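Good morning, and thank you for joining. I would like to take you through one protein chain, from its overall form to its sheets and helix packing.

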Amino acid sequence: RYRQGDRVKAYVSAVEKGTKGVRIAISRTHRNMLKRLLELEVPEIFNGTVEVRAIAREPGARSKVGVYSTQVGVDPVGSCVGMRGTRIQGIVNELNGEKIDVVEWNADMSIFIANALSPAQVVKVHLLDSADGKTATVIVPDKQLSLAIGKEGQNARLAAKLTGWRIDIKSASEAAAEVFEAPEPRLKPQEGMEEDLLA
């Protein structure tokens, strides 16, 4: 709720010229609002040492930010969080308690997807880039399954938005059961060689 005279930070999302003059559209839910707040709070982002590569937001609830360091020796996540979380806490307060996960961006999508599912631990990521789209099957320890999915699927949903991949999360025991239940492949040994029973 806003009152007349309140000082409010907002992102200018559009400037349009209409019949009644210029119309300026501002937003506090736009994902670039979070990017601009990070630029204000984190000097490393403002000067380009750390880059914001991806943002996924569910305004008022939770956000995930993928950051990357352009300079060797600079921790991108640590720079954004700050000492004892002081930098990120300023942004959380500005966004009325919206939770913000800062994760390290990586060009290797399997690593980035694993990072995006933070705070859950990931055992393995299998990538499948087909005509139907990009799908990542992520295997997590049994005890981490609910954490990886998140409340009402929020963690997995934000990770999918952040990475641009459809994410299918499975527990380690579920993935192992699928392997053992799969039909045995018929092996065709080369001529003159015995069949490899282990394979």
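**Overall architecture**

The secondary structure of this protein chain consists of eight helices and eight strands. Please keep in mind throughout that this is a predicted model.

Let me begin with the overall dimensions. How does the radius of gyration stand against that of a compact globule of 199 residues? Such a globule would have a value near 16 Å, but the protein chain has 23 Å. Along the principal axes, the C-alpha atoms fill a box of roughly 85 × 45 × 30 Å. As for burial, 34% of the 199 residues count as buried. Among contacts with a sequence separation of 6 or more, 53% are between residues 24 or more positions apart.

I turn now to the sheets, beginning with the one that contains S3, S4 and S5. These three strands form an open sheet in the order S3-S4-S5, and the pairing is mixed. At the edges are strand S3, residues 50-58, and strand S5, residues 99-104, each of which pairs on one side only. From one strand to the next, the twist averages 20 degrees. Strand S4, residues 62-69, runs parallel to S5, and six bridges join the two. To locate this pairing in the display, please find Ser63, which stands opposite Ile100 in S5.

Two helices lie across this sheet. Helix H1, residues 31-41, lies across S3, S4 and S5 and runs at about 140 degrees to S3. Helix H5, residues 109-116, also lies across S3, S4 and S5, and its direction makes an angle of about 155 degrees with S5.

A brief remark on the loop that comes after S4. Gln71 is found between S4 and helix H3, the latter spanning residues 76-81. Is Gln71 buried or partly exposed? Its relative accessible area is 46%, so Gln71 is partly exposed. Gln71 and Gly48 are 23 residues apart in sequence, and their C-alpha atoms are 9.3 Å apart in space.

The second sheet is built from S6, S7 and S8. Its three strands form an open sheet in the order S6-S7-S8, again with mixed pairing. S6 and S8 stand at the edges with a single partner strand each, so one side of each is left without a neighbour in the sheet. Neighbouring strands here are turned by 20 degrees against each other on average, direction ignored.

Consider the two pairings in turn. Strand S6, residues 124-130, and strand S7, residues 133-140, pair in the antiparallel sense over seven bridges. A hairpin of two residues joins S6 to S7. Within this pairing, Leu128 has Thr135 in S7 as its bridge partner, and Asp129 stands opposite Lys134 in S7. On the other side, S7 and S8 run parallel and are joined by six bridges. There, the bridge partner of Val138 is Ile169 in S8. Helix H8, residues 172-181, lies across S7 and S8, running at about 90 degrees to S8.

I come finally to helix H7 and its surroundings. Why is H7 described as largely enclosed by the rest of the structure? Seven of its ten residues are buried, and H7 is therefore largely enclosed. The buried residues are Gln154, Asn155, Ala156, Leu158, Ala159, Leu162 and Thr163. They pack against S3, S4 and S5, and also against H5, helix H6 (145-149) and strand S8 (166-171). The partners of H7 thus include strands from both sheets just described.

The packing of H5 with H7 merits a closer look. Two packed helices are described by the angle between their axes and the distance between those axes. For H5 and H7, residues 154-163, the angle is about 145 degrees and the axes are 9 Å apart. The crossing is right-handed. Which residues of H5 and H7 make the contact? H5 contributes Met109, Phe112, Ile113 and Ala116, while H7 contributes Ala159, Leu162 and Thr163. By class, this contact has six nonpolar residues, one polar residue and no charged residues. Ala159, Leu162 and Thr163 also belong to the buried residues of H7.

One last point concerns the end of this helix. H7 is followed by Gly164, which has a positive phi, near 80 degrees.

To close, the picture is of two open sheets, S3-S4-S5 and S6-S7-S8, with the buried residues of H7 packing against strands of each. Thank you for your attention.

Methods. Residues are numbered from 1 along each chain as its sequence is written. This is a predicted model: local features need pLDDT of at least 70, side-chain atom pairs count only at pLDDT 80 or more; totals for chains, interfaces and linings use all residues. Side-chain values use heavy atoms; hydrogens and water are left out. Two strands pair if DSSP finds at least two bridges between them. Helices (H or I, at least four residues) and strands (E, at least two) are DSSP runs, numbered from the N terminus. Axes are lines fitted to C-alpha atoms, for helices over the stretch in contact, and angles run from 0 to 180 degrees between N-to-C directions. Contact means heavy atoms within 4.5 Å. A crossing is left-handed if the near helix is turned anticlockwise from the far one by less than a right angle, and right-handed if clockwise. Ala, Val, Leu, Ile, Met, Phe, Trp, Tyr, Cys and Pro count as nonpolar, Asp, Glu, Lys and Arg as charged, and the others, Gly among them, as polar. The radius of gyration is taken over C-alpha atoms; the globule rule is 2.2 Å times the number of residues to the power 0.38. Buried means under 20% relative accessible area, exposed over 50%, partly exposed in between (1.4 Å probe, protein chains only).
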